Amino acid sequence: MEEKKFDLNSLIGFILIGIIIIYMLYQNAPTEEELLERAKQEQIDQEEEETGQPTLDLSNTQEAIVANPADSAATAAAQNALGAFAYSAGLPSATDKVTVFENDVLELKVSNQGGYITEARLKEFVTYKDVPVYLIKDGNASLDLVFNHQNRTLHSKELFFEPTVSKEGDNKVLSMKLKISPTQYLEYRYTLKPGDYMMDFSVRTQGLSNVMDTSNDAVLHWELAGYRRAKSVAYENRYTELIWEYEGGKDDYLGQQQRTTDESIDVTYVAFKQHFFTSILLTDKPWKTASFVSENLVDDEDIDTLYTKKFKAELPLAYSGGELSYDMDWYYGPTDYKILNAYDRNLDEVVPLGWGIFGWINRYLFIPLFGFLSSFLPYGIAIIVMTILVRLALSPVTYKSYLSQAKMKVLRPEITEINEKHKDNAMKRQQETMALYRKAGASPMAGCIPALLQLPVFYALFQFFPSAFALRQKSFLWAEDLSSYDTIYELPFSIPLYGDHISLFPILASIAIFFYMTMTTGQTMQQQQPGMPNMKFIMYISPLFMLVFFNNYASGLSLYYFISNLITIGIMLVIKNYIIDEDKIHAKIQENKKKPKKQNRFQRKMSEMMEQAEAQQQQRGKKK
């Protein structure tokens, strides 16, 4: 057999062929410009598919006209692409310049291209990194009116508006006009009042009834990606959501899923809420239908994040007499209950105070009370004073709960005796235990009912503190910001569900809850009934839950729970040592046992059912 030899020439040939193939692929690869053009064409194709009408790419045409207004070829191309709206591309205002428009609290920049706000800064606030709060900046938002014109679908955000600034008394007015002639135009009109976050915003047309295709409504597309502004992106994102009002006062919101969509009718406002700051578009004439999209942009909560969620709203604008005329309002400002409620437009629903009774407690009790206390006390002290007042108000409920526990403690020996006597007969054991409770005037449920009465207060406060704008960036002791978590140590790693830091207030609250649970469940564990929850497990899991779950919550909320449990422990010690006498309770129970007890209809029925069940059990035992 002939021995195979290494062929150097073949190897060199393969290498040269490979180099040629790679070179050819490189030469034929699309450039960045071609890739952008391809992406733009895909977007155009998608829009044509959605609208059923061709959408023209206007960028090159308008750039050519702006660069050389006398170029007849460019003018003809613009007229072919834009129709009557080619007039706007030949005006001196056809540039990407912006108009600065501001009052005492708000600075806006409105671009000639698109006529919409490209920058919105709140002058009085900064982020946790001490940089200005921008609701709109660097292309994170857009406003686009999509309409049909002579078999074309045009987008206002691609066209050039002409700005005009004026004053009406103390109000500043900015008119942005997309013209087809000096007297025919589409106008966005912004009116800013002194010291107000709410501005008037109107969309109207003049002389366009024969130009715009009114067989289909124009559609206003509003989009915004919310900037991150808090230390905990997870905490901030939890309270970032899209909310709308519909049918004359009802409100709804999109959930916290990765992507959520919904539709509604007769919509009167849309709010893009970003926890402590909100953008709201309101209309005097309801939008007949509206569609909404919310996308979660936080893929990993442990890494630095620029945006939290992206919101989209599509709002149809109906023609009237061939023209558009919508009077609206635009709010760019804090999610502050006091400010939003003052507009009397149901905007307080944007603040998550809880539904039903929980919201009422916050609106009519805790918000006014905390506002009064914080008007003359530091915010941390105001929280402590409010906690003391709440616990004192609930002390009668605490007394009832502890009294019930004391009665159960006095009855413990007799219950133990019943359990031993009928340890092999669960039905008889339960029957005699219930009879003992009835005679003594005690009930294991009597201690639960007072606790349930406190739940609305606890849940209302759980909603109040994360929503209290007044706590934002207010410090107390080691907590730099009562609206965010307090940090005493930064961990070099992140623990799932816990985070990358250690907060002290949740630790203190957990310790206080543990001692409180020890006092309230210690004696209950000694009389544990079969089938009842394991109280020892609850005693340990509650502090652990507080420690883990509240590590990333507002430190103001953890401060409240810490002080609340300390006060409750103190009240219970006073009740135990100075108010309740267990010997007197025992004597009273013995007196109650001697008195004949009348059973109501329900109790008689239960007794009969238990006696029948016991008789059946005995009968089965005899048969066996």
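Which backbone nitrogen does the side chain of His149 reach at 3.0 Å? Select His149 to find out: the partner is the backbone nitrogen of Ala84. Before going on, note that this is a predicted model, where local features need pLDDT of at least 70, side-chain atom pairs count only at pLDDT 80 or more, and totals for chains, interfaces and linings use all residues. Residues are numbered from 1 along each chain as its sequence is written, and side-chain values use heavy atoms, with hydrogens and water left out.

Stay with His149, which sits in strand 5 (residues 141–149); strands are DSSP runs of E, at least two residues, and helices are runs of H or I, at least four, numbered from the N terminus. His149 counts as buried because its relative accessibility is 0% (buried is under 20%, exposed over 50%, partly exposed in between; 1.4 Å probe, protein chains only). Now show Gln150: its side chain makes a polar contact with that of His149 at 3.4 Å (N or O atoms within 3.5 Å, one able to donate a hydrogen and the other to accept it; residues adjacent in sequence count only if both atoms are side-chain atoms).

Next, select Asn565 in helix 15 (residues 555–579). Asn565 is buried, at 10% relative accessible area. Leaving out residues up to four places away in sequence, Asn565 touches Ala512, Ile513 and Tyr516 (heavy atoms within 4.5 Å). Add Thr387: 178 residues separate Thr387 from Asn565 in sequence, yet their C-alpha atoms are 9.7 Å apart.

Finish at Trp478, in the loop between helix 12 (448–467) and strand 18 (489–495). Trp478 counts as partly exposed because its relative accessibility is 31%.
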